[in-house]
Each structure stands twice: as C-alpha cells, then as structure tokens.
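Work through the following exercises with the sequence and the structure side by side, and try each task before reading its solution.

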Amino acid sequence: MTVKYFATIRTYTGETERRLDDAPADLRELLTALAARYGTSFRRAVFAGAELGSAIIILVNGRNVLYLRGLDTPLEADDEVSIFPMVAGG
Amino acid sequence: MAKVLMIHPDKCTGCRNCELACSFEHEAQFRPGASRVQAYTWEREGMSVPMMCQQCDDAACVNVCPTGAMHRSTTMANLVDWDESTCIRCKMCTIACPFGNARYDAASSSIFKCDNCQGAPECVAFCPNGALEFVDDGQHVRSRKKAYAAKFKEAFQEVS
Amino acid sequence: MYGWTGTILRVDLTKKKVTREATDPKLARDYLGARGLGGHIIRSEVDPKTDALSPDNKLVFAPGPLTGTFAPSAGRFDVVTKGPLNGVLAASNSGGTFGPEVKYAGYDAVVIEGKAAKPVYLWIRDDEVEIRDAAAIWGHNTLDTTDLVRAETDEDAKVSCIGPAGEHRSLIANIMNEMHRAAGRTGVGAVMGSKNLKAVAVFGSGAVTVADPEGFKAVVMKARQMILAHPVGGAGLKAYGTDVLVNILNQTGALPTRNYQDGYFPTADKTGGESLAAKQLIRPKGCFSCIISCGRVTRVDSPGYEGNGEGPEYETAWAFGADCGVDDLDAITKANYLCNEYGLDTISMGSTIACAMELFERGIITTKDTDGVDLHFGNTPAVVEMVRKAGEGEGFGAKLAQGSYRLAESYGHPEYSMTCKKQEMPAYDPRAVQGIGLNYATGNRGGCHVRGYTIAIEVLQNGAVMDPHVTEGKAGLDITFQNLTAALDSSGACLFATFGIGGAELVEMLAALTGVDYTLDEFMLIGERIWNQEKLWNLKAGFTKADDTLPVRLLTEPIKTGPSKGDLSHLDEMLPEYYGLRGWDENGVPTKAKLKQLAL
C-alpha cells in the first residue's frame, strides 16, 4: 500500500510518501506504526490520545475515514492512504 | 533592563494592523493619518516596512525644542516623551527629526510621535506576524544574529 | 453614523458632474454595504435589459461597514455592476487596501455613471474629486498604470485600474488594485473600459468612527484569537497559501482535469502549495487588517517564464495547471503574472484555454484557427502565449478574450464550455463533490465557488463534516452558505475569516461598530435578502430555471480515473429541495410570501 503525506505532515516525516509491502489490519495499526517511525510531531498530529486527531484529514482511496470506520477502517494491500493537516480554502 | 520597540521588516506583510491599533489607542477611531507608525508597502517588490520613532538617546527633536515639551522621559527608560501642555506647536521637532518620525497633525493640533503606549505598545499587540516586538534591549537582535550563526553550525556539522 | 461614512459619491462621466448624497440609514441597516448596498443601487437604477457595455450601465465601488477598521481580515470591497460576461447583477469582491481608502476619503460607495468622451481616470482626495485626462496612461498594463497615476496624484494613493484587456472590453477582463489584487469575475473590467475609465485613485485622510469603542475592541480581540487558534486561519494559509488545496482535491478525485474531462491529475503535486513554498515563495502577504496572510509574494527565474509578483492562488494554479494538463508551476505562475498585468480573470482565462485545447484535440479547430499554435493539452509554452495573446487582443487571443462560452459556441460546440450561466466553473468537480455542484448551478453570477463554499464542510472538515459524495442535506447546506456569505461579503469581511469565526462574531463586531442592535437572525435574513435581490434581477434579465444547471458532461460523463472514478453529479436530486427550502416555486421564482418576509 502507499501512504502519502502533504503540507506540514511532510515536515514531520521528511518524505512525501512511503510504500508498504503489506497493509496493517486497520488505520489505527497503520498510524501507530508510522508514529513509531516518525516520532512525536507526527503522533501528535494524527492522534488525540487514543482517538483520531482533531486537525487531521485522512483519506483512504479518496474517501474520508470519518465516513468509513474512523481508526477502525480496515486496510487492504492496494489501498492508498492520504494524510493532510487541516488546510486552506478558496 | 530597558525595552526596545524592534522592527523586523522581513516579517511585515503590509496589513497595517499596527496603524489601526495606534490610531484606535490614541483617538478611539480608525484614521491611519493619526497613527504614529506607518507601514509602507512597495507593491512591485512585495516588501513592506513599518516605521516609528526610535527614541534616540541624543534626540534632535529634544535638542531643538524651545520649551522642553520634547524631553527624555524621567519615568520610563528608553523613551522620548512629548508634553502636550508645554508644547507651542512650533514644529521644530518635525523639521529636526532626520527620519520623519515626528509629525504635526492639524486636525488634532498635536505632534504625533510614538510614545510606546506607556510601556504596552498596541502595535506590537496587534501585529499578527511578529514584525514588531517590544523586547529587552539585551535581546532585540538576538533572533537575527542567532539565525545566521546557525548557518555556521550547519556548515560545520556537515564537514566535521 | 458609525461604521458607515454617511455619504455616497456619484460621478457622471458623460456630464462631467460630481454629486454627493446621504447614505440612507435604513438601506445601510438592511443591506450592510459592499455587495448588498451596491447591489441595491444597481437594482434600483439600472434596467436589467440594459447592454452591460453601454453608458446606461453603472459601476459601483463599495466597501462594507467593517472595512477600514481593525476587525480581523475585514478590509474588502465589491465592484458591483451589470456583468457583461453573462448579464447578471455582478458583484466582484477584492482585498488589498483600496476599500479602506474609500472609507477614509469619506464614502460608503462611489457610483460611476455614463461614459467619458475620451480615456480618463478619477482622482478622489477626500471631498476633492477630479476627472482627469488618461491619454498618456491608456494602453499601459496595471502595474505601470498604478505608478503613472500615483505620479500624477499622490505616491500613496490607492489605485484600482484596468489593463489592456479591460480597454479591449474582454468579457473576462478584471479590475486590479494595488497591482496584485483582483475584482476578478464576470468581466467587470470591460464595464470600466466601456466607460473609458482607466483608473480610480483614492487618498483619504478621514476616519471610520465606532459607536462602542471598548466593546468593539473586546470583540475584535476575541475574534482575532479564534482565527489565530484555527489551524487554517492561524498557520496553514500563511505557510502554504490557498494553493495547498491542489493535493487534497486531487486525492479526493475532485481536481477537474483537461477541461473537466477527468477528475484526477497524477502530477498535480508539482503545482501545489508545497511546491510553491519550496520553489517560488519570497514571503507571505496580507491585505488590509488581515491576520491570515494567504497572499504569496513570488518570483520565477526559469528561462522563458521570468517574472515576479503575487500568486498563484489555488483556482489559478488549477486553471493553468490540471485544467490545461500542465504541471509546470513556473509556467503557471508566469501565466498568473501576465493575467494580473493585462487585467484578466485567471479562472476564466485558464478555463477558456482548456476549452480551446479540447476543441483542438477533437479537430473542431486547427492550427489555422489558433495562429499556428499546436493547442494540445499539456503544451505548456502555448498556455503562456495564449494568455499574452488574449491580453493583447491579438489573433486567436481576441476570441479567447471573450470567454469559453462564446468561443465554443462560435464553433458550434457550446457543450465543451465548462460554464454555468456562461461563467467558467472553478476548481472543484461537481461529480465528486455534490454540494458544490448545486452551488455552481444555482449561483447568481454563474460558475463560482466563493458564493457558497460548501467545500469547507464537504472536503476540508472546517467545523463540521459532510460526505462529498452524497446529495442528502446539500440543499440546506448550500442555502446556509449562500446566505451567510452574502451577508459576510456585504459587511466587508474576508471569507477566510470563517476559518475561525462565524456569523455570531461578525454580528457582535457590526453591532459594536455601528450601534445597530443586529442579531444573528437579522444578519442571516440580510444575507437571504441580498441573495434574493440578485435572483430577482436575474429573472428580469431573462434567466430561467433552465439556467440553473451544470454542463451536460457533469450530468452524463462519469469521472474517468482516480478516487472518484465513475461518479456523476446528481443535481436533479438536490435542485427541487433547494427551491423549496428557499421559499421559491418549482421554477425557482421567489414567492410573494418570501419576498414579503424579506421586505423586497
């Protein structure tokens, strides 16, 4: 699967995307693994305690996870996950 | 320690919030003509610079004032103060200041020059970009000096 | 009066007469200013059937009550007129510092009537108003025009002007102020050109007064904190500009690509705000009283595209980018600079070039029509060249300068013009985002996003969330946004203040400023009134329910690739409910009961 990063998230990860051979079972597992890799700034952006961060937008194959199953959204090997901080308008 | 109203033109976006805050503080209305600070913008270059009285130690306006209306404050450090009651509006101070930071306003019959809002400058509070800072004199250029020093740190870390 | 100045200035260019009248306090209360008050003037004084480019049209420059105060990010004004592109009651909004200067000069609105016999500019210094000869300035681009006018008036005068495009009466010509800010859409620049009016220069030494200074300052401080604490208003826009939207729209599969033939552009990242920040950004820029600073001071050094100025913002980066199949940000930014200099609306210009590219690839036009230029999608130098030609009114450029609807129609294929009511749609694909499609279709001035920016909820999670792919609830969402925005525009505030504050804070500021006991209910009613005012005008101008629609492509051709592959717009599921909730009949005509409720 592919995970893509945008705007300030790129400054936390140091890269624009990462490919994984296997998909974690769900979004929570994915973000936990990525937070372990990228550190505190990334973790604070994507998590608010054990919940999804309040200023983060995550799409799985273009669909906002808030309309899927949030952190419990299951993931497949050919999924594309996009992680955005809340961004602009106009 | 005395405080300095420091200007960082590189951070100015030309929003003129400083002018509005100053005019509102002194006159309870929005009249940039009444502001003691002016933020000038050069559109082609996309550059803006705020300017106000620099509270000179050896101030031309103080030296030239015939009544002592312009005087170094005895109550606040680093401030050239204006006494409205002894000012005769001769405007010599406006002629003397080489920076154009003292101005005569006919509408209010006053000399406009920055008074640091008696220690809590409103322009600093309103600037959204950190282009104006009211900071201890020991630290007012620290961020700039350090930013350049950091470039050496990075360069040396690469090779050592 | 507090907040308002109490005076409206009228300039008759035919008779060379200048008059003043008192601002009617009841009208000011009920229409606020800017879009609302300006709209009332046009509605009352211009016949909807008038030729927009005739001397009988009027041109109003109107700031709002908040304009000129330190209400955060609230220094805007509207240019209001009958729009030549499509005949609507057009209000084109702009930032910069021109609006506040009109207030300091003492005016709630400047109404320009008639037509000058020869090119002129208007010079307003407080209550001294002169109509001056502009022979030496006519023909110059907007940057040089600003300098030339200042040299003859005051070096700190604020100047609103047209470039060569407005002079040529291009239907997509804009009016530029402070060199880089635009009253962009609906061809308002052509109205100014048709009046032989090259520029309006203003210098004001007066004041905007406040009914309750302490109360106003307290609300302003609170509003500032709310905006600065918001991730978008407080930091995101300053760091990346609105161009940061490219990637999120693309990853949603809603980035219109190659004239809306698709909704996903694989190399879009090269044109986004992240790339802009890395490659071109010199520093952020803010309009008058702005605490958000979404403006981009930029420079391009690539050979062939050298230049400097401001921009691009998102819609521009899309119009010359994905919509034309171009991923070279330097070329996009150069096209943006050229549009600013010539005085052309970037959205309509880019979308018109994209339309021409589709006509070319389909063989409907050939190099014989395009002055020998190979106008395939992705031909990057051709995009920049076409902007130049349109600005000059040269060859094929003269056709492009009339917008995509007339271009496509002239070759017998209006269906390839991606417009609503003849105005080009901006950078959000209705097939993937249902609510914005309803907004485009019902928009009073045609294809437009700002009038009802449902993207904030459907894509950006700003305060609330709604799934972009569903139609349920979108009628109500659109109406709320359209009404709130109409009132917000008319107050002088910038739309981006809503990344932080809402109607409640705007009302508090207005009440403390003007002394009028506004409530949120009245504020929303004012917005609804202004929306209906524009609708009534449009009906009299000849618009019908048939015009409240989207291009056939969006209703019948699914998105081809990307995350929203297979999606279509389901406008028909939303429009009847929209009319019903608005209190309009099934033909989209406001009922008598609704008009009575709105005092129209």
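**Exercise 1.** Which residues does C:Ser293 touch, not counting residues up to four places away in sequence? Say also whether C:Ser293 is buried or exposed.

Solution. The model is a predicted one, and a good first step is to place the residue: C:Ser293 lies in the loop of chain C that runs between strand S14 (281-285) and strand S15 (295-300). The next step is to list its contacts, which within chain C are C:Leu237, C:Lys238, C:Pro284, C:Lys285 and C:Gly286, and which in chain B are B:Thr13 and B:Asn129. For one of these partners the sequence and the space can be compared, since C:Ser293 and C:Lys238 are 55 residues apart in sequence while their C-alpha atoms are 5.2 Å apart. The last step is burial: because its relative accessibility is 0%, C:Ser293 counts as buried, the cut-off for that word being under 20%.

**Exercise 2.** Check whether the length of helix H7 of chain C agrees with its number of residues, and then find which of its residues are buried and which are exposed.

Solution. Helix H7 covers residues 213-229 of chain C, and its 17 residues, at 1.5 Å a residue, should span 24 Å; the C-alpha atoms at its ends are 24 Å apart, so the two values agree. The expected span is taken as 1.5 Å times one less than the number of residues. Turning to burial, the buried residues of H7(C) are C:Gly215, C:Phe216, C:Val219, C:Val220, C:Ala223, C:Arg224 and C:Ile227. Seen down the axis of H7(C), these buried residues fall within an arc of 165 degrees, and therefore they line one face of the helix. On the other side of H7(C) the exposed residues are C:Glu214, C:Gln225 and C:Ala229. Finally, ask what covers the buried residues of H7(C): the cover includes helix H1 (17-27), strand S2 (29-30) and helix H4 (122-126) of chain B, together with helix H8 (231-240) and helix H20 (503-514) of chain C.

**Exercise 3.** Describe how chain C meets chain A, beginning with the number of residues in contact and going on to the area buried between the two chains.

Solution. Counting contacts, 34 residues of chain C are in contact with 24 residues of chain A. The area buried between chain C and chain A is about 2300 Å², and carbon and sulfur atoms give 59% of that area. Of the area that chain C buries against chain A, C:Ile248, C:Gln251 and C:Gln461 supply 27%, more than any other three residues. Looking next at the kinds of pairs, there is one salt bridge between chain C and chain A, in which the side chains of A:Arg10 and C:Asp269 meet at 3.0 Å, N to O. There are also ten residue pairs in polar contact between chain C and chain A. On the side of chain C that touches chain A, H8, helix H9 (245-251) and helix H11 (314-319) of chain C each supply at least two residues.

**Exercise 4.** Examine the backbone at C:Asn196, and state where this residue lies and whether it is buried or exposed.

Solution. Begin with the angle: C:Asn196 has a positive phi of about 60 degrees, although it is not a glycine. Then find its place, which is the loop between helix H6 (188-194) and strand S12 (197-203) of chain C. Because its relative accessibility is 13%, C:Asn196 counts as buried.

Terms used:
Residues are numbered from 1 along each chain as its sequence is written. Chains are lettered from A and ligands numbered from 1 in the order in which they are written. This is a predicted model: local features need pLDDT of at least 70, side-chain atom pairs count only at pLDDT 80 or more; totals for chains, interfaces and linings use all residues. Side-chain values use heavy atoms; hydrogens and water are left out. Helices (H or I, at least four residues) and strands (E, at least two) are DSSP runs, numbered from the N terminus. Buried means under 20% relative accessible area, exposed over 50%, partly exposed in between (1.4 Å probe, protein chains only). Contact means heavy atoms within 4.5 Å. The arc is that of the directions from the helix axis to the C-beta atoms. Buried area is the accessible area (1.4 Å probe) that two parts lose on being put together, summed over both. A salt bridge is a side-chain nitrogen of Lys or Arg within 4 Å of a carboxyl oxygen of Asp or Glu. A polar contact is a pair of N or O atoms within 3.5 Å; within protein, one must be able to donate a hydrogen and the other to accept it, and residues adjacent in sequence count only if both atoms are side-chain atoms.
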